[in-house]
Structures are given as C-alpha cells and as structure tokens.
Amino acid sequence: MAQHHPPTGTLLRRAAASTGALLLIGGLSAVPAAADETDGTDGTTLTVAIAQQVDSFNPFTAQLAVTTNILRHVYDRLVTVDPDTNEPAASLAESWDTSDDGLTWTFHLRDDATFSDGEQLTADDVAWTFTTIMENDAAAIASGNYVSAFEEVTAEDDRTVVIELDEPQATMTALNVPIVPRHVWEPILEAEGEDFSDYVGDDLPTVGSGPFVLTEHSRGEHIRLEANPDHWRGAPGFDELYFRYYSEKDAAVEALRSGEVSFVYELTDAQATSLETVDDIAVNIADGKRFQAFTINPGAETQDGEEFGDGHPALQDLTVRQAIVKAIDNEEIVQQGANGQAVAAGGYLPPRYADFHWAPEGDEAILDFDPEAANAMLDEAGYDRGDDGVRVSPDGDRLELRMHVHADRPDNVQAGLVIAERLADVGIEIDNRTVDPGILSDALYDAEYDLIFTGWTVNPDPDYVFSIHTCDALPTEPGTMQGDAYFCDEEYDELYQEQLGEYDREARAEIIHRLQEVLYREAVVNVLTYPNIMEAYRTDHVESLQLEPTEGGNIWGQDGYWAWWSATPADGSSDVNGGLSTGVAIGIGVVVLVLVAGGAFLFFRNRSTVEDRE
Amino acid sequence: MTTTPTEADGPTGAGTDDVPAPAAPGTGNRAWRVVTYVCGRLLTAAVSLFAVIVAGFFLFRILPGDPVRAMTEGREVTAEQREELRRQFGLDQPLWRQFLDYAEGLLRFDLGISFQYREPVVDLILERLGPTILLAGTGTVIAALLGLFLGARAGWRPGGRGDRTNTAVALFFWSVPTFWLGLLLIVLLASGRGFMPGLFPTGGMVDPGLSGPLERALSTAQHMVLPVTTMVAVIYAQYLMIMRSSLMDEKGADYLTTARAKGLRDALVRRRHAVPNALLPTVTLIFLNLGQVVSGVILVETVFSWPGLGQLFYSGLQVPDLGLVQGLFVVFAASVILMNLLADLVYPLLDPRVRP
C-alpha cells in the first residue's frame with residue numbers, strides 16, 4: 001500500500017521547476033512596472049512613506065496623527081498659521097474681530113472658497129460643523145476640546161459666522177477644526193444616527209474645501225490624494241500625493257534611497273546621518289516641536305483632596321524636587337541621549353515658538369546644573385547620607401526612587417541612564433524601570449511612581465499643554481486624570497485663567513512666561529530637552545517646498561498644509577525611474593544565471609551519486 | 001455520542017498497536033473504532049478552541065495599559081472625549097459583561113469591532129487574508145519542497161560533503177534573525193546603493209496606480225520575491241532536518257537491501273523506496289505549518305510592509321486594539337487547531353500502522 005505513492009523525485013523536481021518559474025516571473029515582472037513608471041506623462045506624483053494606520057477619514061472622529069495630517073489637506077480651517085511668523089493667518093476666514101467683553105467672536109469668510117463638488121462654502125457650513133460637534137457626543141471625539149466653552153454658533157449671513165462663548169478663550173484663532181460641507185454630512189449624520197462614530201468616511205472621493213481631494217484608500221497599502229486645481233489659494237504644485245505604508249522605518253529609508261518614495265519623516269539620528277551623504281537626498285533637521293520631560297510625583301490627590309498612589313513622601317518637599325533638578329545636566333542628556341540632536345531645555349515651551357518660549361536667566365535660573373549646591377541643599381534640609389551613601393529623609397525614609405522610562409524611546413532610555421548616574425552623585429538611588437508604554441501609563445494614572453518620563457508636542461497655540469497642569473486636570477477619582485503630573489498650584493491657575501482671557505498676543509506671551517516660571521520653580525514638571533525633528537526628501541523629485549516656520553521649520557506635521565501645497569516637482573524626477581530598467585535587465589540576468597547554475601549543479605550531483613554507488 | 005476523553009485518547013497511543021486489539025473483542029467493530037477516534041479528535045479540538053477563546057479574551061485584558069489612553073496619547077483631548085471612546089468600545093462595562101457580549105458575538109461569527117479602525121474585525125481579517133495566504137502559502141510550499149528535496153539527499157549520505165554543506169547552510173539561515181535578513185536583502189537588492197541596482201521593490205504588495213489585472217499580478221509577483229526568499233531561507237531548515245533524520249532511519253531497512261538486490265540504481269532506490277516512507281513524519285510538520293500560514297509570518301510581513309494579517313496584528317498590538325488582537329488571536333489559534341485536527345485525521349490514511 002505504502003509503495004504506491006507517486007514517484008516523489010518527480011514531484012520534487014516539478015516543484016523545483018515551479019519555484020524557478022516563480023523567481024523568473026518575479027524578475028520579468030519588473031519590466032512592465034518600470035515601463036509604466038517612465039512614461040509618467042499623466043502627472044506629477046509626490047510619494048510619502050507613512051507607518052501609522054488610518055483610524056478613520058471621518059473628520060469628526062479621526063484621532064491618529066496620520067489621519068489628522070492627511071485630513072488637514074482635505075478640509076480647510078477657519079484660520080491657519082503663518083509660516084513666516086508662527087502667528088495666526090487668514091484661511092477660510094479673511095478676518096475676525098471680538099467684542100469688548102471677549103465673549104463674541106465674528107469671523108468674516110472669504111467668498112471664493114468652494115467644495116470639491118462645486119458648491120460654495122458658506123457660513124452655514126461653518127456654523128453647522130461647530131454646532132454638530134457641540135451637540136453630538138459621537139461627533140465630538142476629534143475636536144470636542146475646542147468647543148467646550150462655546151455657547152452658540154450662528155451664521156449671520158453667507159459670509160459671517162458669530163461664535164458666542166461662555167468664557168473668554170484665547171485659542172479662538174487656533175481652532176484646529178476641519179470645516180465640512182453640511183449638504184454632504186447632514187444626511188450621513190442622520191442615516192448613521194447612534195452609529196455615527198463607526199462611520200469611517202470611506203465614501204471616496206471626499207467632498208472638501210482643501211487643496212487636495214482624498215480619492216483612494218487601500219488599507220495598509222496606500223492613500224491617494226489628488227490636487228484640487230480650483231483651490232482658492234491656487235493649485236498645488238504636484239498633481240497627486242501618495243502616502244505609502246512602510247511598517248518599518250529602516251525599510252522606508254531604503255525606499256527613499258531607491259526613489260520609490262520622495263519623503264520620509266521621524267528619522268532617528270543614525271538614519272539621518274546615513275542619508276546626509278547620499279546624492280539627491282536632502283536631510284531637513286528642524287527645531288523641535290516637542291519637549292521631553294520627567295515629572296516628579298508631588299503626592300497625588302484627587303480634586304477632592306483624597307490622597308492615593310504610593311509616591312515617595314520626601315518628594316512632597318520642594319527642596320528635594322529642586323535638588324533633583326539641580327543634580328541633572330540637560331546638556332549631558334542632549335549629548336548622551338540624543339547624540340546632540342536636541343536642544344537642552346530651560347522653560348516648558350520649545351524655542352521655535354519664540355514669543356511664548358521662556359528660559360530662566362540670571363537670578364531666575366535657580367535650578368541650573370550644580371551638584372554641589374544640590375548636595376548642600378539636601379544636607380541643610382536634614383537628608384543625611386546613610387552608610388551606603390544614600391540619603392535618608394528626616395522621617396527616616398531612604399531616598400530610593402523609582403524611575404519609569406519609556407522603553408520604546410531610545411533617547412529616553414539613554415537619558416534615564418544619565419539621570420540615574422547623576423542622582424547617585426547627590427545620594428539618591430534610582431530604581432530604573434524602563435518599561436512598555438502600557439506599564440508606564442498604568443503607573444502614572446495609579447500614581448504609583450516617583451519619577452516618570454513624559455513629553456508633548458506643542459502646537460503654535462500652547463493652551464492645551466498648560467491646561468493639563470491646572471487643578472481642574474486633577475482626577476475626579478483615581479485613574480481619571482486629565483493632566484499628566486498631579487500638579488496643582490493656585491498662582492498657576494490664576495495665571496492660566498488670565499492668559500485664556502488675554503487676546504493681545506504680546507500681553508498673553510508675558511503671562512505664559514510667568515506660567516512657565518511657576519512650573520520651573522515648583523520642579524514637578526521638569527523639561528530636559530527639545531528633540532530636533534529629522535526628515536529627508538529627494539531633491540530630484542521635489543524642487544522646493546515651504547517649511548513651517550520658514551526658518552528651521554519642519555515638513556511633516558505642519559499646522560498648515562504649506563509643505564505639500566507648495567511643493568514643486570523637480571525636472572529630473574524621471575531619471576530615477578529610467579535607471580530602473582538597466583537594473584531590471586541585470587536582475588533577470590542574475591536570476592537566469594542562478595537557475596542555470598543550480599540546475600547544472602543538481603544534474604551533476606545526481607550523476608555522481610549514481611556512479612559513486614555503482 | 002458517549003465518548004469520553006479517556007476512550008478517545010486510547011487509539012492515539014496506538015501507533016505501536018500493530019496487533020489487532022485482542023483485549024476487547026466485543027467492541028472490535030472497526031467502524032465503531034473509527035467513529036470514536038474521529039469524535040475524540042473533534043472533541044479535543046473543540047475544547048482547545050474554547051480554551052483559546054477564554055484565554056485570548058482575558059490575556060489581552062490583563063496586559064498593562066489602557067487602549068483609550070494609548071490611542072489618545074499626545075492628542076489634545078478632554079476627559080469627556082476619553083469617556084466617550086470608552087463607552088463606544090464597551091470598556092465602561094464590567095469584564096464579565098464584556099466577555100458575554102464577546103462570546104455571544106462569536107456564536108454569530110462576529111469578532112467584534114476594532115478600536116483603531118472602527119470596522120468589524122471579521123471584515124479586516126477577510127481583507128488581509130488573501131495577501132497573507134499568498135505570501136505565507138507560497139513561502140511554505142517552496143520551503144517544504146526545497147527542504148524535503150535537499151533533506152532527502154543529505155540524509156541519504158549523512159556525513160558526506162553534500163550533507164555537511166547543506167545542513168550547515170540551512171542551519172545558518174535558520175538561526176539568522178528574520179528581521180535582519182529581510183533588511184539585508186532590501187539593502188542589497190532593493191535600495192539601489194552604490195553600483196547595485198534596485199532590482200526589487202522595498203516593500204508593499206503592488207505598485208499603486210496600476211489598473212490592469214495582468215500589470216497588478218506581475219507587480220505583485222515582483223513584490224513577492226524578497227519576502228518569499230526571506231521566509232524560505234529562514235524556515236526550510238526544519239523540513240531539511242526532519243527529512244534528513246527520517247531518511248537516515250529508513251536507510252538501513254531491509255526493503256532497501258531488497259530493492260538494491262533487484263539491481264535498482266541508487267537514485268531509484270532512494271526516490272521510489274526510501275523517500276516515500278521517510279515522508280510520513282514530515283506530514284505532521286507540514287500540517288502544523290499550514291496552520292501557521294494564516295497567522296502569517298509576522299516579522300516578514302513587517303519588514304516588507306506586506307498588507308497581511310501579521311502586519312495587522314503588529315499594528316493592533318501597538319495600540320493595543322483589544323477587539324482586533326483578540327479576534328486575530330482566535331483566528332490564528334483556530335487555524336492551527338483545525339490543521340492539527342486535519343493532520344490527526346489524515347495521518348491514519350497515509351500510514352496503516354496508526355489506523356484505529
């Protein structure tokens with residue numbers, strides 16, 4: 001019975017042949033693909049490598065950075081950011097004014113903005129968009145935070161939108177809310193009802209007012225945007241934008257080298273360095289938008305004053321917190337943690353926001369790196385060193401502190417090592433817990449930490465990153481914190497309210513400086529560095545593009561759509577593709593050679609076996 | 001059917017049971033034994049599947065971290081926005097309630113909703129199933145054929161130069177990290193560094209913008225070369241080693257001497273007589289791996305940005321997208337269980353010695 005199997009050798013041989021055939025097809029197939037690319041007469045394409053998946057193209061619910069970035073090109077906002085000055089600039093709204101009490105904002109819309117289906121964009125669309133976010137919880141997922149102080153939004157006429165506020169809100173010129181066409185979204189909202197949040201906006205092409213139209217989404221493969229030639233700001237330089245998925249950044253960098261993509265962002269220092277010497281690739285190193293910090297658990301409390309968590313009691317002492325900060329050299333962290341690709345921090349906001357940025361100077365700089373002073377402070381406050389060199393608080397608690405570090409951020413891991421070493425110098429022992437983000441987040445929300453890493457990307461309007469340190473951001477019950485540091489300070493809260501009602505930019509900047517001074521002095525939120533942004537593009541694909549801000553600005557993640565709207569194709573962009581066909585010919589040659597050599601080897605091997613045996 | 005696990009387990013260990021069951025002449029009815037065997041296998045599979053569903057649900061829930069916090073990390077959201085998300089995902093419900101809802105959904109083949117994509121998990125899986133089967137299926141078939149072919153040769157003359165070279169090469173690739181090998185192939189053959197032309201694409205499944213089915217098929221084949229090569233290189237060693245040792249066992253068998261005595265040439269003795277018998281142990285291995293075809297080769301899919309289930313799983317774990325990962329977990333586990341079941345059922349057909 002078992003002897004009646006098919007002759008296996010033949011089977012294996014057949015299989016080997018088909019394997020070869022597959023490889024051959026692989027090589028050959030490059031030919032039509034390459035031919036298709038070279039005859040690119042149908043328009044200019046800019047390709048961006050992305051990694052994050054799309055959650056939704058429903059502008060009311062889309063959360064993730066990739067989606068909000070793409071939607072920014074599809075739906076205009078009322079106000080954008082001027083790339084030269086970082087200040088609010090006209091977009092759908094040509095101008096705006098406020099009432100004397102600051103509670104009524106009137107936006108005057110431009111009259112030449114149309115949606116991609118040809119309909120005029122009117123004040124009614126704007127009012128409907130905001131009202132929907134205010135009234136429908138499911139529609140508030142993405143932008144609810146912007147309208148929390150809105151009382152009513154009305155369309156006074158086709159071109160005038162009036163927003164009534166409950167309380168002053170200085171962020172009114174930074175409303176990052178996509179304005180959608182009512183005639184498209186009202187029927188969707190009605191049809192979906194309760195399930196609106198599950199509507200992912202997959203009816204393509206989208207109807208928007210932005211410089212691009214979203215026309216294609218192949219999940220996990222690519223997203224395609226077509227230029228909207230009728231956009232009021234003028235047609236974009238490229239005819240289409242492709243966003244292609246690369247789940248591995250290193251692979252995306254190789255794709256940039258090969259010319260398959262034109263732009264890669266969020267590079268590591270090593271990747272940026274390796275690309276710097278490559279022909280036709282420009283590396284853009286921009287001023288950071290992000291601050292990298294660690295916070296000290298000052299004794300977590302809920303809003304009602306209920307204490308929870310297990311932060312080290314000595315950290316409630318301002319002296320200890322300040323001594324910790326004084327013991328750490330931010331410049332060393334820049335060098336060791338970020339290979340120099342960052343700026344050592346002073347205040348809370350990165351220096352790219354020049355008017356809001358504050359850095360301690362002269363007498364203010366009480367927490368500059370000075371380990372001797374830190375030691376003296378602790379000695380004086382009665383934290384004596386034990387036999388093992390570790391200090392003990394006057395209450396008898398050993399100064400052994402847990403430090404939670406993001407394991408998924410290599411620069412944090414390095415910074416953590418430096419901090420542990422420096423704190424040892426002043427008699428504080430660190431239990432370094434370099435952990436997954438999930439564990440870190442649990443420790444934070446349960447207040448079961450002493451030192452913990454954090455960081456935020458700051459928008460041109462910094463209101464949010466300040467709001468998370470008000471007393472209102474404390475948890476109502478353990479685990480529900482809105483902020484990220486259990487910080488609560490009366491002076492800070494007053495200043496925060498004051499800046500929210502201050503519509504004069506210069507005066508507001510002054511208050512924001514004082515907010516940062518309080519944060520700095522209290523030493524709960526301690527900013528270490530502002531990491532640089534590293535990205536790269538092919539100069540043989542892209543002739544020029546607008547950075548935001550113009551000086552030291554970035555390309556990906558702009559607050560406006562300047563980069564892709566302004567990008568113009570380079571003349572030589574077909575060269576890369578043309579070169580591919582030579583490559584293909586060689587490729588086929590190699591494949592054939594391997595097959596022939598392999599076949600010959602097997603043939604002779606077979607024979608020799610026979611002869612050996614007999 | 002009144003089979004108990006003990007009864008069902010009986011025939012499994014009967015691989016050595018070549019004397020026809022003398023102990024129980026009353027139940028010696030062959031059809032009955034086959035039915036018991038099959039039912040026993042089915043029952044075991046069902047129990048495993050149930051365990052997997054329960055474990056999958058709770059396993060991902062005891063993972064540290066909160067999906068809503070993770071999804072909104074770095075975003076300017078209010079506590080109310082987070083609460084709304086929690087409500088939509090059903091995370092505000094007690095755990096037992098969530099489990100009941102989930103279990104009830106499973107009965108209707110409803111794996112729940114992905115938090116991240118806001119789509120039914122079933123739809124997401126079906127969308128990615130094709131690419132994964134294409135890639136991992138091709139890879140497994142080629143690796144199996146290559147491994148068995150080389151293994152048969154290596155095992156025929158163990159210790160010979162061919163054996164030593166083949167085994168060394170196979171084990172080398174087996175121990176190479178998939179990720180590293182994939183990147184290396186990309187650097188060498190795709191990125192077009194220095195004088196090396198970029199022969200193959202660096203990632204993806206098909207070039208965007210192609211419309212014709214033939215164009216798309218060719219583009220896909222081109223995109224498959226590097227991932228399939230990586231996958232084959234890494235896994236073919238296991239087939240080679242099993243085939244090799246299995247053939248070495250058969251080598252001394254009497255029937256081979258007989259075959260030689262008939263004057264058959266050496267290659268024929270190996271091909272017609274030794275290999276078919278040596279193939280049996282590899283059947284289990286092949287079935288086991290076929291089960292894993294569905295789960296894809298997560299690392300290969302990730303390096304080459306292949307839009308398959310593995311990449312989907314990887315992206316889901318980063319959130320963590322509970323709905324998606326537990327759904328995928330069930331599907332992965334179910335496919336392995338199913339293939340094991342098939343192996344159990346097919347094996348007796350191939351080998352009369354283990355028939356119940």
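These are my notebook entries on a predicted model with chains A and B, taken one region at a time.

**Entry 1: the four-stranded sheet in chain A**

I began with the open sheet of four strands, whose order is β4-β5-β7-β6 in chain A, with antiparallel pairing. Which strands stand at the edges? I found β4 (93-98) and β6 of chain A there; each has a single partner strand, so one side of each is left without a neighbour in the sheet. Neighbouring strands of this sheet are turned by 20° against each other on average, if direction is ignored.

Next I went through the pairings. Strand β5 (residues 104-109) of chain A runs antiparallel to strand β7 (residues 160-165) of chain A, with five bridges between the two. I looked up residue pairs here: A:W105 sits opposite A:I163 in β7(A), and A:T106 sits opposite A:V162 in β7(A). In a regular strand, side chains alternate between the two faces of the sheet.

Then I turned to strand β6 (residues 150-157) of chain A, which pairs with β7(A) over six bridges, again in the antiparallel sense. A:A155 has A:V161 in β7(A) as its bridge partner. How many residues does the hairpin from β6(A) to β7(A) pass through? I noted two residues.

I also checked what packs on this sheet. Helix α3 (residues 123-135) of chain A does, and touches β5, β6 and β7 of chain A. The direction of α3 makes about 165° with that of β6(A).

**Entry 2: the β8-β9 hairpin and A:T215**

β8(A) is joined by six bridges to strand β9 (residues 222-227) of chain A, and the two run antiparallel. They form a hairpin with three residues between them, and A:G220 in the turn has a positive phi of about 75°. One pair I wrote down is A:E216, opposite A:R224 in β9(A).

I picked A:T215 in strand β8 (residues 212-218) of chain A for a closer look. A:T215 counts as partly exposed because 14 C-beta neighbours lie inside 10 Å. What does A:T215 contact, leaving aside its neighbours within four places in sequence? I got A:L204, A:P205, A:R224, A:L225 and A:E226. I also checked A:A227, which is 12 residues from A:T215 in sequence and 10.0 Å away in space, C-alpha to C-alpha.

Two of those contacts, A:L204 and A:P205, led me to a cis peptide bond: the one from A:L204 to A:P205 has omega near -5°. A:P205 is in the loop between α4 (182-192) and β8 of chain A.

**Entry 3: another cis bond and two positive phi values**

A cis peptide bond also joins A:E548 and A:P549, with omega about -5°. I placed A:P549 in the loop between β22 (542-544) and α15 (562-566) of chain A.

For positive phi outside glycine I noted A:N86, with phi near 70°. A:N86 belongs to the loop between β2 (79-81) and β3 (88-90) of chain A. Is A:N86 buried or exposed? I found A:N86 buried, because 20 other C-beta atoms lie within 10 Å.

In chain B I noted B:F109, not a glycine either, with a positive phi of about 55°. B:F109 is in the loop between α5 (95-107) and α6 (121-156) of chain B. B:F109 counts as exposed because it has 7 C-beta neighbours inside 10 Å.

**Entry 4: chain B and a helix pair**

Chain B has 15 helices and zero strands. Its C-alpha atoms fill a box of roughly 85 × 70 × 40 Å along the principal axes. Of the 356 residues in chain B, 43% are buried. Among the contacts in chain B with a separation of 6 or more, 73% come from residues 24 or more positions apart.

I looked at helix α10 (residues 254-261) and helix α11 (residues 266-278) of chain B, which pack at an angle of about 145° with their axes 10 Å apart. The crossing of α10(B) and α11(B) is right-handed. On the α10(B) side I listed B:Y255, B:L256, B:A259 and B:R260, which meet B:V269, B:H273 and B:A274 in α11(B). By class, this contact has five nonpolar, one polar and one charged residues.

**Entry 5: nonpolar cores**

The largest nonpolar core has 171 residues, and A:A49, A:V264 and B:Y236 touch the most other members. Helix α9 (residues 213-251) of chain B gives this core its largest share, 18 residues. Apart from it lies another core, of 69 residues, including A:L440, A:A443, A:V458 and A:Y492.

Technical notes
Residues numbered from 1 in each chain as written. Chains lettered and ligands numbered in written order. Predicted model: local features only at pLDDT ≥ 70, side-chain atom pairs only at ≥ 80, totals over all residues. Buried ≥ 20, exposed ≤ 12 C-beta atoms within 10 Å, placed from the backbone. Contact = placed C-beta atoms within 7 Å. Pairing = 2+ DSSP bridges. Core = buried A, V, L, I, M, F, W, Y, C linked by C-beta atoms within 7 Å. Axes fitted to C-alpha atoms, helices over the stretch in contact; angles between N-to-C directions. Left-handed = near helix turned anticlockwise from the far one by under 90°. Nonpolar A, V, L, I, M, F, W, Y, C, P; charged D, E, K, R; others polar.
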